[in-house]
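Here are a few exercises to work through with the model open next to you. Try each task before reading its solution.

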Amino acid sequence: MIGPGLRPVVAGPREEIQLDVESTDSVAVPLRVSRAASPSKALERRRERRWVKAAQAGSEQALEHLYRRHWPWAHRAAYLVVHDAAAAEDIAQEAFLSAIRSLDRFDRSRPFGPWLNRIVVNRAIDWTRARSLRRETAGEFDADVASATEPVRETGSAIYSDEVVEALRRLSPEHRAVVVLRYLLDCTPGEIAKALGVPRGTVNSRLRRALDRLGAEIEVEE
Amino acid sequence: MGDLRRRLRNAPIPEEHEARERSWRVVRAAYAERGPSTTGASAPRRLAVALVAAAIVLAVVLTPAGAKVVDFVDDAVSPGARHAEPALTHLPGGGSVLVESTNGPWVVNSDGAKRLLGDYDAAAWSAGGRFVAVTAGRELMAVEPTATDAIHWSIPSARPVTNPSWSTSGVRVAYLSGDSLRVVAGDGTEDGLLARHVASVTPEWRPQRKPLPPDFQVSGVPRANLLAYVTSSGRVVVEDTDSGKVLLRSGDTAQRKGLAWSSDGKLLLSFTAHDLLTYDFASRARFPVAAGMPLSTQLQTVAFQPGSHRVAAITTTARSSGPRSSLLLGRPDTEKFLAQRPLSDPGRFSDLAWSPRGDWLLVGWSTADQWLFFNPTTGRVTPVGDIAGQFDAGATSGVPFPRLAGWCCTALGTNSP
């Protein structure tokens with residue numbers, strides 16, 4: 001099983017994802033996805049089971065609870081693997097649509113988040129691989145084309161540049177995926193192996209190599 | 001590794017809020033349209049239903065009466081037999097659709113009300129939907145969509161005018177005058193030649209996220225008005241119409257049928273009858289798309305979904321029993337391009353248009369004289385029949401099927417012309 005829902009990072013009285021729902025203007029304020037607290041894993045699981053059950057019965061409100069709880073993680077995980085905002089949105093959205101299509105058959109005894117995140121990460125890897133296979137250098141572009149055609153942004157693009165994101169971008173999609181699963185979604189190596197369909201030893205070696213590469217490029221506190 | 005964990009969780013993600021809310025609208029719509037839950041059905045009840053269904057199938061297959069039923073059903077699903085609404089009473093995706101008919105362009109409003117704009121030929125929305133660029137012989141005009149023959153401005157041309165295209169900034173209109181590409185300001189002034197010897201393909205302006213405020217609607221704004229067009233030799237060119245700087249000139253030549261930009265302006269797609277090529281302006285890469293289509297299959301048209309890099313395409317396959325058309329969906333920058341084929345029917349799909357929010361596709365099915373409103377999230381199809389007749393009162397058979405010229409308006413154009 002994978003997913004952040006199983007491993008609250010910070011203990012405390014309440015557990016919920018803080019969403020800046022008021023910040024709907026164009027300034028990209030990162031969603032705060034750090035989890036503030038859960039009384040217990042079991043309580044969290046029970047609450048999610050209730051939402052799934054209610055959503056299966058037709059409650060849009062319950063679906064929205066599930067969506068707002070899991071979207072930030074799914075979207076963030078997809079983006080950190082593909083490094084393409086539009087693709088990340090599509091991948092996360094399609095994962096939710098898959099979830100809705102399978103909602104009636106969903107086994108409520110299993111956690112929702114890990115299942116969703118497994119879809120997201122695998123789709124993100126597929127997308128990145130396919131894109132790199134298909135890519136050609138386009139000599140027809142003018143030398144200044146990248147800067148000259150930068151879309152007009154409502155906000156400064158500097159806000160999107162981040163050292164760790166840039167360092168991740170230089171890893172292979174498979175290495176990015178294990179880092180995202182391990183350190184964003186808090187999966188164990190065994191859970192990652194299951195999610196990606198690779199041996200546990202492969203996960204460990206990928207993690208080690210990825211961390212070595214990241215450590216060489218950014219300062220990461222052990 | 002707490003530091004890495006923290007940094008991954010706090011790394012800025014572009015358009016995080018907007019993506020969440022956009023996707024929630026899609027997810028909620030998909031949920032609202034899904035069928036009733038089956039989880040409550042008990043096992044004995046499901047078994048009973050299955051037995052009854054099996055009995056019905058056996059009766060249909062094994063009895064003469066059943067064979068007649070099969071024949072009837074076969075007839076019923078023949079070309080043109082999607083059960084269609086007899087008239088257009090509303091647009092599922094809202095907004096307004098621009099339609100070109102033999103009588104001239106029409107505007108169809110969200111409540112299904114239609115207005116003939118006048119005796120014009122080609123038509124194109126302005127970014128905000130306040131005007132429509134129309135052509136009439138050797139004249140280009142801007143007319144108001146809320147009235148008939150409400151001409152805002154017009155300019156004459158030495159040669160026949162075709163393929164108008166209004167920039168998403170609202171401040172430029174491109175059009176073809178014979179085989180020359182010309183650009184005029186959005187108020188009908190500053191008409192000038194941009195390129196000679198261009199192909200008869202509608203030039204496409206690179207979308208902008210926001211319209212320019214009126215104070216900036218002058219030619220001095222850099223990189224505001226990038227136009228993609230096809231030369232007569234089949235090269236794709238992207239040019240800054242204000243500075244004249246050419247940003248892309250494709251090395252290959254091809255018989256290109258059309259161009260399309262993604263709404264974020266990152267991807268430009270050009271297509272021929274048999275292949276597509278995507279230019280990625282963010283990474284300066286290009287992605288040839290091998291759709292695996294046989295020679296008997298031709299691409300008719302392609303369009304990006306607003307707010308996404310998904311593409312819808314129409315193909316038509318020639319077969320001995322007659323042509324068959326399909327609607328395909330996919331992403332042009334991946335291997336799985338056009339992997340989905342949600343619609344496939346006998347005859348010809350003529351064209352398509354995305355709703356402004358990208359939640360509905362309108363597909364013209366000329367053979368069946370129908371419009372198919374297709375929701376790609378839920379798979380729901382709402383057919384509307386007698387389309388030719390609705391845009392040509394008193395039409396007799398043989399009237400050309402109306403052409404879709406755009407579904408307005410995108411959010412970015414709400415304050416622009």
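## Exercise 1: a four-stranded sheet

In chain B, four strands line up as β20-β21-β22-β23 to make an open, antiparallel sheet. Keep in mind that this is a predicted model. Task: work out which strands stand at the edges of this sheet, each with a single partner strand.

Solution. Start from the strand order, β20-β21-β22-β23. The edge positions go to β20 (297–304) and β23 (340–346) of chain B; each has a single partner strand, so one side of each has no neighbour in the sheet. Next, the twist: ignoring direction, neighbouring strands are turned by 20° against each other on average. Finally, zoom in on one edge. β22 (residues 324–330) of chain B pairs with β23(B) in the antiparallel sense over five bridges, and R324(B) sits opposite P346(B) in β23(B).

## Exercise 2: two helices across the chains

Task: describe how helix α2 of chain A packs with helix α2 of chain B, giving the angle and the distance between their axes.

Solution. Two packed helices are described by the angle between their axes and by how far apart those axes are. Here, α2 (residues 60–82) of chain A and α2 (residues 16–33) of chain B pack at about 140°, with axes 10 Å apart. An angle over 145 degrees would count as roughly antiparallel, so α2(A) and α2(B) come out as oblique to each other. The crossing is right-handed. Now pick out the residues that make the contact: α2(A) brings E60(A), L63(A), Y67(A), W71(A) and H75(A), while α2(B) brings residues including A19(B), W24(B), V27(B) and Y31(B). Sort the contact residues by type and you get seven nonpolar, two polar and four charged.

## Exercise 3: a covered helix

Task: is helix α7 of chain A largely enclosed or largely open?

Solution. First, the setting: chain A has nine helices and one strand, and buried residues make up 40% of its 222 residues. Then count along α7 (residues 173–184): nine of its 12 residues are buried, so the helix is largely enclosed by the rest of the structure. Among the buried ones are R176(A), R182(A) and Y183(A). After the helix comes D186(A), with a positive phi near 60°.

## Exercise 4: hairpins around one strand

Task: find the bridge partners of W106(B) on β1 and β3 of chain B.

Solution. Begin with β1 (residues 96–101) of chain B, which pairs with β2(B) in the antiparallel sense over five bridges. V99(B) is bridged to W106(B) in β2(B). This hairpin has two residues between its strands. On to β3 (residues 114–116) of chain B, which pairs with β2(B) in the antiparallel sense over three bridges; there, the partner of W106(B) is L116(B). Five residues separate β2(B) from β3(B), and G112(B) in that turn has a positive phi of about 90°. As for cover, four of the five residues of β2 (residues 104–108) of chain B are buried.

## Exercise 5: a lysine in a loop

Task: is K266(B) buried or exposed?

Solution. Locate K266(B) in the loop between β16 (258–261) and β17 (267–271) of chain B. The cut-off for buried is 20 or more C-beta neighbours; K266(B) has 23 inside 10 Å, so it counts as buried. Then look across to R284(B): 18 residues away from K266(B) in sequence, with 9.7 Å between their C-alpha atoms. R284(B) has a positive phi near 55° in the hairpin of β18(B) and β19(B).

Notes: Residues numbered from 1 in each chain as written. Chains lettered and ligands numbered in written order. Predicted model: local features only at pLDDT ≥ 70, side-chain atom pairs only at ≥ 80, totals over all residues. Axes fitted to C-alpha atoms, helices over the stretch in contact; angles between N-to-C directions. Parallel < 35°, antiparallel > 145°, perpendicular 65-115°, else oblique. Left-handed = near helix turned anticlockwise from the far one by under 90°. Contact = placed C-beta atoms within 7 Å. Nonpolar A, V, L, I, M, F, W, Y, C, P; charged D, E, K, R; others polar. Pairing = 2+ DSSP bridges.
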